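Biologist: I have a structure open on my screen and would like to know what stands behind the words people use for it. Could you take me through them one by one?

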Amino acid sequence: MPNSGERAAGKSIIIIGAGIAGLSAGCYGRMNGYRTQIFERHNIPGGVCTAWQRKGYTIDGCIHWLVGSSPGSNFHRLWQEVGAVQGRPMIDLEEYLRVESEDGQTLILYANIDRLEQHLLELAPEDARTIKAFTRAVRRFTRFDLPVDKAPELYGLTDRMRQGVIMLPFLRPFLKWSKLSVRDFAERFRNPFLREALAAPVVDAPEFPMIAFMMTLAWLHNKTGGYPLGGSLPFARAIEQRYLDLGGAIQYSARVSKILVENDRAVGVKLTDGTEHRGDVVISAADGHTTIFDMLDGRYVDEKIKGYYENLTLFPPLLLVALGIANSFEDVPSTVSGISFSLASPVVIDGKERKRLAVKVYNFDPSLAPPGKTVVIVGLNSDYDRWKQLREDPDRYRAEKEKTADQVIVALEQRFPGISSQVEMRDVATPVTWERYTGNWRGSYEGWFPTAKTMRMRMSKTLPGLDSFYMAGQWVEPGGGLPPAVMSGRHSIQILCKKDKKRFVTSTP
Ligand SMILES: Cc1cc2nc3c(=O)[nH]c(=O)nc-3n(C[C@H](O)[C@H](O)[C@H](O)COP(=O)(O)OP(=O)(O)OC[C@H]3O[C@@H](n4cnc5c(N)ncnc54)[C@H](O)[C@@H]3O)c2cc1C
C-alpha cells in the first residue's frame, strides 16, 4: 500500500467494497493516517451508484437527486470532503414528479413549496385544510437539517442535549406526520383525482412514510437535492480519485469470499482467487447479508440482527428498461423522479398487468446521449425469484428481457405516439443484474425499505462478539441512499479513531 513513513506506522484497514460507503471509509481512513486497501468485486467504483454505455448512450442506474448538492444542507460538507461536488454543475429541476390521469388531469409535484401549494389548491379547493396543513409542515422542515457530523454511537450527554435543542422546533410536526404513510395521507383527500394521484407512486410500497416524502420536498425546495450533471459514474469516479490522491490503495475484480477471524478478531480477508490479505481492522461496506451470513458464516449474530434479515422489508427489486431515442423531447417537462402516466389500455409487462407506467426522460442531461437524442428509462418494481429462475436458462432469460423491452415500448406509444420508430438502443437490467454486479441481497438495490419503524431505527455498525470489525453502507442505514452511505463510511472511521484514542480529522481538497 502506498504511504509515507509516518503513515506506514498507522494501523491498516481492509475495506470490502468500493461503493460510496467503502470509498468514503477509505477517504476518511486516509485522512486519519490509516493505511487502507479496498477490495472491490467489480472492475469500476460506485457499486449501485453506476452507469453503463450502450451504442453511444449512457444509461444512468442511480442518481435522481443528491441531498447536499448545495451548501443548504449539512451533507454538502461531507461531499466536499470526499471531493464529489467540487466543479460539478448541479441541476435543480422545477418538478419532482408528474402524475397524469387518463382524463387529462395532471398533478405536478413542484419543488417550490409555494408553487406546489397553489397548484394543489387549484386542483382541489375542497381539500384546502389538508393541503395547507401539509405545506405548512414542509415549510417547517425546510428549516431542519440532519446532524451528520458525529457518529450517534459517540454521542455523550452534551451531544444529546444539543440534538434535543435542534429537534425541539420540529418535534410537533415530526410526531404528527411520522406515523403516517403517503397512502394514508392520500386517503384524506376528498378530491378523487388527488386521492388517486398522490397514492399512485407508492402503489407497490404502501408503507412509504410521509415524513420521507416531506423531507424530500423540503430539500428540493431548498435547492439542495440537485442532480449532478454527468450522472452517477463520474460522481463515483471523483470520490475514487480523492481516495487515490489521499494515498489509498484499491484492487478491482477482487471478490472477498471470507473474512479471516482469529480469536474473535477480524484479521483480514480471503478472496475468491484464494489469496489472503491481512489487516488490523476490517470494514465491510458490501452487502449486509453476504457479509454476515457468508463471509462470516453467521457466527457473529444475535436475535436482533437475525430479526432484521428475517422480518424487515427490502426495497422492491427493480427492473430498468432503458431506451435510446432519436428525439430531443424538448417539449417534455424535466422531472426529478419521472412522469407517471395511466395506460388507457393496460399492458402486461414483466408478468403483471400495468395500468400505469413511470418514465424518466433524461432530456436535462445532454452528456448522456448523442446530440438531439435522449435516454428514456422506465423503472418497474419486479419479482426477484422470477428473474433468478429465468437466469438459470440464459436463452430464456435473454428472450424474456427482449419481450419486456417490447412490452414497455408498446406501452410508451400510448404516451409518446411514434416513439417505437425512434428507438435506437434498448437495454434491460433485471433484479439479477443488480445482484450480479453489486452483490446486493435479493437484488435490493437500496437495502432496507424506509417505513415509520425503520426510519427511527439505529443499526449497529459492529457485530456481537467480533472485534476489529465494522460495517458501513446501506445495510446499516435503513432507507439507503447516497448521503447515508458517505456518512456511515465517515462514522465508521470516527468510531475507530475514538477506539484508537486518536482525534478524528478531516480535510477538504
Ligand atoms: C435506480 C437507483 C436509483 C437511486 N437513486 C438515488 C438517488 O436519487 N439519490 C440517492 O441518494 N440514492 C439513490 N440510490 C441509492 C444509492 O445509490 C445507494 O443507497 C448507495 O449508493 C449505496 O451505497 P453503498 O456503498 O452502501 O452500497 P453499494 O453501492 O451496494 O456498494 C457495495 C459495494 O461492495 C461491492 N461488493 C459486494 N460484495 C463484495 C465482495 N464479496 N467482495 C468485494 N466487493 C464486494 C459491490 O460490488 C459494491 O461496489 C439509488 C439506487 C438505485 C439503484
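Biologist: Why is Asp 264 called partly exposed?

Modeller: This is a predicted model, so the values are computed from it. Asp 264 has a relative accessibility of 43%. Buried means under 20% and exposed means over 50%, with partly exposed in between, so at 43% Asp 264 counts as partly exposed. Asp 264 sits in the loop between β11 (256-262) and β12 (265-271).

Biologist: What is noted about the phi of Asp 264?

Modeller: The phi of Asp 264 is positive, about 60 degrees, although the residue is not a glycine. Asp 297 also has a positive phi, near 55 degrees, and is a residue other than glycine. Asp 297 is placed in the loop between α12 (288-295) and α13 (303-311).

Biologist: Is Asp 297 buried, exposed or partly exposed?

Modeller: Its relative accessibility is 44%. That value falls in between the cut-offs of 20% and 50%, so Asp 297 counts as partly exposed.

Biologist: Let us go on to the ligand. Which residues are closest to the ligand?

Modeller: The ligand is surrounded by 37 residues, and the closest are Glu 40, His 64, Asn 440, Gln 474 and Gly 481. The shell is made up of 21 nonpolar, twelve polar and four charged residues.

Biologist: Which helices and domains supply the shell around the ligand?

Modeller: At least two residues of the shell come from each of α2 (20-31), α16 (431-438) and α17 (482-499). Domain 1 (5-54 + 64-87 + 229-313 + 447-499) and domain 3 (319-438) each give at least three.

Biologist: What makes the backbone of Gly 481 a polar contact for the ligand?

Modeller: A backbone N or O atom of Gly 481 is 2.7 Å from an oxygen atom of the ligand. The cut-off for a pair of N or O atoms is within 3.5 Å, so the pair at 2.7 Å qualifies. Trp 65 has a backbone N or O atom 2.9 Å from a nitrogen atom of the ligand. For Gly 47, a polar backbone atom is 3.5 Å from an oxygen atom of the ligand. As for cover, the ligand has 1,000 Å² of accessible area on its own, and the protein covers 96% of it.

Biologist: Back to Asn 440. Where does Asn 440 lie, and is it buried or exposed?

Modeller: Asn 440 is in the loop between α16 and β20. Its relative accessibility is 5%, and buried means under 20%, so Asn 440 counts as buried. The side chain of Asn 440 also makes a polar contact with the side chain of Trp 475, at 2.7 Å.

Biologist: How do you know that Trp 448 and Trp 475 are an edge-to-face pair?

Modeller: A pair of aromatic rings is described by the distance of the centres and the angle of the planes. For Trp 448 and Trp 475 the centres are 5.1 Å apart and the planes are at 80 degrees. Rings pair when their centres lie within 6.5 Å, and planes over 60 degrees apart count as edge-to-face, so this pair is edge-to-face. Trp 448 is in the loop between α16 and β20 (469-471), and Trp 475 is in the loop between β20 and α17, so the pair ties together parts that are 27 residues apart in sequence.

Biologist: Are Trp 448 and Trp 475 buried or exposed?

Modeller: Trp 448 has 0% relative accessibility and Trp 475 has a relative accessible area of 3%. Buried means under 20%, so Trp 448 counts as buried, and so does Trp 475.

Biologist: How many aromatic pairs are there?

Modeller: The count comes to 25 aromatic pairs. One of them is Trp 52 with Trp 434, edge-to-face at 6.5 Å centre to centre and with 80 degrees between the planes. Trp 52 is in strand β3 (residues 51-54) and Trp 434 is in helix α16, 382 residues apart, and the pair links these distant parts of the chain. Ring pairs also join Trp 52, Phe 208, Phe 315, Trp 434, Tyr 445 and Phe 449 into a cluster.

Biologist: Why is Trp 52 called buried?

Modeller: Trp 52 has a relative accessible area of 18%, and the cut-off for buried is under 20%, so Trp 52 is buried. Trp 434, at 6% relative accessibility, counts as buried too.

How values were computed
Residues numbered from 1 in each chain as written. Predicted model: local features only at pLDDT ≥ 70, side-chain atom pairs only at ≥ 80, totals over all residues. Heavy atoms only, no water. Near = heavy atom within 4 Å. Polar contact = N/O pair within 3.5 Å; in protein donor to acceptor, adjacent residues only side chain to side chain. Areas by Shrake-Rupley, 256 points an atom, 1.4 Å probe, with all protein chains shown as cover. Helix = DSSP H or I, 4+ residues; strand = E, 2+ residues; numbered from the N terminus. Nonpolar A, V, L, I, M, F, W, Y, C, P; charged D, E, K, R; others polar. Domains from an automatic or database assignment. Phe/Tyr/Trp six-rings, centres within 6.5 Å; stacked < 30°, edge-to-face > 60°. Buried < 20%, exposed > 50% of the residue type's maximum accessible area, 1.4 Å probe, protein only.
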